Amino acid sequence: AMVQTNVKPMTLDEILERPQTKPASDYSEGQIKQKPMPQGKNSILQRELTFAVTVAFKPSKIAQAFPELRCTFGGKSLVPDIAVFVADRIPRDQDGQVSNSFLLPPNWTIEILSPGQSQTKVLRNIFHCLEHGTEMGWLLDPDESCVFISDSPQSVQMFEQPDIVLPVPAFASKVQLTVTEIFGWLAEYWSLDKRHRRTSSA
């Protein structure tokens, strides 16, 4: 058998037919890039942020937050850590249930930087979303306790002041979070435990 040396870039359709990897892979420019394995900080931030956003949207049902959801559009297939969709843009099957296939960009994309992950690559994914109609992108950097926020590929702002309420897309005004709150989640259970011990021994 002949050995093929020139590896042809895969098409988006070919990618989407492949078995899903764990952790998920992004597809861009004919290449598959597996995301880093979620580590402790990434995992807690993803869980707590998904929960905070879900709670904020619950009464009005205006939007939903999806952790690790594959979004395929504009020639790329990306899996943001959290993708937030306004309710009437969520694709549905004939029976009204949420569809498995999301062929559109999220309204709000949230990424959490993993140790050793390239900030540029993640920002590039956020910019791709913004170029295709996403209203805002967040990039959380746990090591630096800061959040990069962009609402257009031309501008990124860095937020590290502890108590400023972070900008959110217009539809998400009920989501009021500060840098202190977000990165406080990383120590929360440890400090709760200490408080508990202190009160129970009193």
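What share of the contacts in the chain with a separation of 6 or more comes from residues 24 or more positions apart? In this predicted model, such residues account for 51% of those contacts.

## Overall architecture

The chain holds 4 helices and 10 strands. Read from the N terminus, these elements follow the order α-β-β-α-β-β-β-β-β-α-β-β-β-α.

Of the 202 residues in the chain, 43% are buried. The area that the chain exposes is about 11800 Å², and carbon and sulfur atoms supply 54% of this area.

## Nonpolar cores

Nonpolar side chains tend to be buried together in soluble globular proteins. In the present model, the largest nonpolar core comprises 29 residues, and the residues with the most contacts inside this core are V84, W108, W138, L140, V175 and I182. Two or more residues are given to this core by each of α2, β3 (63–67), β6 (82–86), β7, β8, β9 and α4 (179–201). Helix α2 gives the most, with 5 residues.

V84 illustrates how one core residue is surrounded. Beyond its neighbours within four places in sequence, V84 is in contact with V53, F57, A63, Q64, A65, P106, N107, W108, I110 and F171. A second, separate core has 11 residues, among them L69, A83, F85 and L104.

## Aromatic pairs

A pair of aromatic rings is described by the distance of the centres and the angle of the planes. The chain has 5 aromatic pairs. In one of them, the ring centres of W108 and W138 are 5.1 Å apart and the ring planes stand at 75 degrees; the pair is therefore edge-to-face, as an angle over 60 degrees requires. Because W108 belongs to strand β7 (residues 108–112) and W138 to strand β8 (residues 136–141), the pair ties together parts that are 30 residues apart in sequence. W108 and W138 are both buried, and both appear among the residues with the most contacts inside the largest core.

A single aromatic cluster is formed by F66, F85 and F102. Of these residues, F85 is also listed in the second core.

## The β9–β10 hairpin

Strands β9 (residues 146–152) and β10 (residues 155–159) run antiparallel and are joined by 4 bridges. The hairpin that connects β9 to β10 passes through 2 residues. Within this pairing, F148 has M158 of β10 as its bridge partner.

Side chains in a regular strand alternate between the two faces of the sheet. C146, at 2% relative accessibility, counts as buried because this value is under 20%.

## Buried N42 and the cysteines

Is N42, a residue of helix α2, buried or exposed? N42 counts as buried because its relative accessibility of 6% is under the 20% limit. Apart from residues up to four places away in sequence, N42 touches D81, I112, L113 and S114.

The count of disulfides is 0. C129 is in no disulfide, and the nearest cysteine sulfur, belonging to C71, lies 6.9 Å away. This separation does not meet the 2.5 Å limit for a disulfide. C129 is buried, with a relative accessible area of 2%.

## Loops and backbone conformation

G74 is located in the loop between β4 (71–73) and β5 (76–78). With a relative accessible area of 47%, G74 is partly exposed, because this value falls between the 20% and 50% limits. Leaving out neighbours within four places in sequence, G74 is in contact with H128 and H132. The C-alpha atoms of G74 and E131 are 9.1 Å apart, although 57 residues separate G74 and E131 in sequence.

Most residues other than glycine have a negative phi. K61, which is not a glycine, has a positive phi of about 55 degrees. K61 is in the loop between α2 and β3 and is exposed, with a relative accessible area of 64%. E68 likewise has a positive phi, near 50 degrees, in a residue other than glycine. The position of E68 is the loop between β3 and β4, and its relative accessible area of 34% makes E68 partly exposed.

How values were computed
Residues are numbered from 1 along each chain as its sequence is written. This is a predicted model: local features need pLDDT of at least 70, side-chain atom pairs count only at pLDDT 80 or more; totals for chains, interfaces and linings use all residues. Side-chain values use heavy atoms; hydrogens and water are left out. Two strands pair if DSSP finds at least two bridges between them. Buried means under 20% relative accessible area, exposed over 50%, partly exposed in between (1.4 Å probe, protein chains only). Contact means heavy atoms within 4.5 Å. Rings of Phe, Tyr and Trp (its six-membered ring) pair if their centres lie within 6.5 Å; planes under 30 degrees apart count as stacked, over 60 as edge-to-face and the rest as tilted. Accessible areas come from the Shrake-Rupley method with a 1.4 Å probe; for residues, only the protein chains shown count as cover. A nonpolar core is a set of buried Ala, Val, Leu, Ile, Met, Phe, Trp, Tyr and Cys residues joined through side-chain atoms within 4.5 Å.
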